[in-house]
Amino acid sequence: MTTTTAHSTVTSQTVGDFLLRRLREAGIAHLFGVAGDFNLEFLLQMEDGGDFVWVGNCNELNAAYAADGYARLNGLSGLVVTQGVGAWSAINGVAGAYSEHVPVVCVCGSLPLKSLDRGLLMHHTTADTDYDSVLRGYAQVTAAQTRLTPRNAAAEIDRLILTAWQRKLPVYLELPSDIAYLNVEVPAEPLELAMPPSDPERLRTCADSIVARLASARSPAILMDLDADRFGVSGELEEIAGKLQIPIAAINTAKGVIDETNPHFLGLYAGVGSKPDVRDAVETSDGLLAVGVRRVDTTSGGFNDALPAERIDARGDSVDIGPDNYQAVYLKELLRRVADSVPSRQPVSRRMADETHEPTTTVPSGPLTQAAYWAMIQDFVREGDVLIAEDGTSEAGGWGLQLPPRCSFITQAVWGSIGYTVGSVLGTLLAAPERRHLLFVGDGSFQLTAQEVSTMLRHDLKPIIFLINNGGYTVERTICGKDGHFNDVANWAYAELPKVLHPGTTARTFVVRTTAELQEALAAPHDSMIFIEAVMDKYDAPQAVIDAGHGMAEVDYGPRGPQHRPGVQI
């Protein structure tokens with residue numbers, strides 16, 4: 001029954017069905033997670049409704065990684081876990097989403113309210129009556145948390161989903177197992193995902209100040225971090241750069257956000273490790289528009305960056321310009337106004353002819369090396385690809401690629417939880433099935449989350465997986481322990497795993513040790529999963545990885561650290 005009040009139309013719906021309806025209205029079509037007795041009733045409602053694909057992961061951590069990857073391309077994702085054991089298992093992945101500004105709605109099937117009312121000791125708890133321990137834990141790594149009740153369900157479901165979407169951060173919602181089937185009064189109107197309007201005066205004054213600074217600067221420039229992607233402002237930034245004829249640089253977390261063939265895009269900025277023209281454009285700018293920039297050791301070249309003190313710092317909902325701070329100005333609305341207001345200047349040619357990548361005509365002979373490997377990957381990448389690069393040599397090699405238009409590049413450069421990408425690519429595959437997905441991962445990282453390959457095969461997904469088998473944690477050998485046994489891992493028959501994880505699979509698998517063998521594997525038809533195990537020397541690392549590893553050791557261990565001993569680092 002639907003009724004109309006003075007302000008809105010309401011209807012009656014069960015708590016579980018309303019939650020599912022809101023998730024679907026928010027654009028989520030797949031749910032990741034693991035079934036458990038406290039969420040089974042909710043999952044049955046999901047199946048009865050028929051509006052979602054239940055992915056079903058091998059564990060909750062992998063599910064959290066998958067939800068993260070899905071949200072990066074879809075804008076929002078849903079993760080379903082169970083009380084205690086499931087929620088704690090997933091929290092590392094949710095913390096990564098919080099660190100990397102990824103909106104994930106985590107729904108935890110939790111203890112029945114009856115047990116709270118009566119003080120019952122329940123399984124999947126620490127066998128006491130501290131029923132809020134998981135909520136307190138998630139309060140550290142989510143933007144909002146709640147325990148649903150029949151009284152608050154309608155308001156809290158909307159509040160948490162909107163918070164996740166507006167702030168680009170995860171949220172945590174407990175659904176007690178004995179209320180999912182209870183009817184409550186809920187809004188009949190669909191959920192509208194929209195940012196709140198900016199304060200009109202603050203918006204106008206802030207935009208005018210930015211326009212004046214950029215227009216009067218001798219060497220204005222733009223530097224963007226991952227929030228440029230999360231808040232969807234790449235189009236506005238390209239428009240501002242095009243009208244003012246100014247360069248754009250990106251922090252490594254924002255690779256691929258701007259079309260890298262755009263004549264105004266210079267490359268990645270990482271302090272002293274940047275190309276000279278990138279470093280000069282950023283560090284000498286007298287009108288630097290910094291979008292969401294955070295100075296993290298792994299994104300600032302180990303804090304050896306040198307950003308101008310008088311830059312414009314624009315964040316999701318506030319801006320600093322010199323002594324002035326502007327609150328309640330929302331990034332996309334602000335940059336749209338700036339793009340509409342900046343003057344247009346005569347085009348200036350910035351990209352040199354020799355900066356454009358030319359395909360390799362000959363393949364070098366001999367054993368496969370990191371240099372040859374990434375040169376061949378460069379030729380393999382095509383327009384529209386989704387590249388997911390694991391922390392370490394895969395990430396650094398990926399950062400060195402020049403991406404064709406409309407590519408997405410996904411890493412976890414700030415949180416850096418190894419194994420993230422194997423779960424994440426499952427999410428990206430489901431969020432954008434029309435695109436080609438390339439996973440770049442090392443053997444050590446892969447071993448943490450390898451079982452999620454079985455989920456990809458079960459859903460007939462077709463990623464191209466590039467696994468570097470070099471006997472362990474090469475990136476950590478550059479930091480400390482070149483020959484440390486703690487940096488070794490067991491040598492698996494990686495290319496055989498698809499057959500083990502999904503008997504009868506049609507996946508195409510290859511073990512390559514030479515450039516010729518890699519070339520043959522790259523030419524294989526892409527009609528199923530492709531799994532390429534690339535065997536390389538354990539001491540072979542891109543120079544960027546070596547430099548970053550040595551810099552990280554200095555930050556981590558200080559002047560008395562073990563990194564100064566001979567032979568302790570690659």
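1. Contact here means heavy atoms within 4.5 Å. The model is a predicted one, and the points below take its helix packing, its aromatic pairs and a few single residues in turn.

2. Helix α8 (residues 200-216) meets helix α12 (residues 331-341) through L203, R204, C206, A207, I210, V211 and L214. On the α12 side the partners are E333, L334, R337, V338 and S341. By class, the residues of this contact divide into eight nonpolar, one polar and three charged.

3. How far apart are the axes of α8 and α12, and at what angle do the two helices pack? The axes are 9 Å apart and the angle is about 50°. That angle makes α8 oblique to α12. The crossing of these two helices is right-handed.

4. A second helix pair is α3 (residues 60-74) with α15 (residues 420-431), whose axes come within 6 Å and cross at roughly 45°. Angles from 65 to 115 degrees would count as roughly perpendicular and those under 35 degrees as roughly parallel; α3 and α15 are therefore oblique to each other. Here too the helices pass in a right-handed crossing.

5. From α3, the residues in this contact are N62, Y65, A66, D68, G69, Y70, R72, L73 and N74. From α15, they are Y420, G423, S424, L426, G427, T428, L430 and A431. The contact of α3 with α15 divides into eight nonpolar, seven polar and two charged residues.

6. One of the α3 residues, N62, deserves its own entry. Is N62 buried or exposed? Its relative accessibility is 0%, so N62 counts as buried. Leaving aside neighbours within four places in sequence, N62 is in contact with N57, G423, T449, Q451 and E452. Of these, G423 is among the α15 residues that α3 meets.

7. The count of aromatic pairs comes to 10. In one of them, the rings of Y373 and W374 have centres 5.1 Å apart and planes at 85°, so the pair is edge-to-face. Both Y373 and W374 are buried.

8. F380 and F466 make another edge-to-face pair, with 5.8 Å from centre to centre and 75° between the planes. This pair links distant parts of the chain: F380 sits in helix α13 (residues 370-380), F466 sits in strand β20 (residues 464-469), and the two are 86 residues apart. F380 and F466 are both buried.

9. Which residues form one aromatic cluster with Y373 and W374? The other members are F380, F440 and F466, so the two pairs described above belong to one cluster under the rule that ring centres lie within 6.5 Å for a pair.

10. S408 is in strand β18 (residues 408-410). With a relative accessibility of 17%, S408 counts as buried, because the cut-off is under 20%. Apart from neighbours within four places in sequence, S408 is in contact with L73, D385, V386, L387 and R435. L73 is also one of the α3 residues that meet α15. The C-alpha atoms of S408 and G84 are separated by 35 Å, and the two residues are 324 apart along the chain.

11. In helix α2 (residues 40-49), the buried residues include E41, F42, L43, Q45 and M46. G50 follows just after α2 and takes a positive phi of about 70°.

Key: Residues numbered from 1 in each chain as written. Predicted model: local features only at pLDDT ≥ 70, side-chain atom pairs only at ≥ 80, totals over all residues. Heavy atoms only, no water. Axes fitted to C-alpha atoms, helices over the stretch in contact; angles between N-to-C directions. Helix = DSSP H or I, 4+ residues; strand = E, 2+ residues; numbered from the N terminus. Parallel < 35°, antiparallel > 145°, perpendicular 65-115°, else oblique. Left-handed = near helix turned anticlockwise from the far one by under 90°. Nonpolar A, V, L, I, M, F, W, Y, C, P; charged D, E, K, R; others polar. Phe/Tyr/Trp six-rings, centres within 6.5 Å; stacked < 30°, edge-to-face > 60°. Buried < 20%, exposed > 50% of the residue type's maximum accessible area, 1.4 Å probe, protein only.
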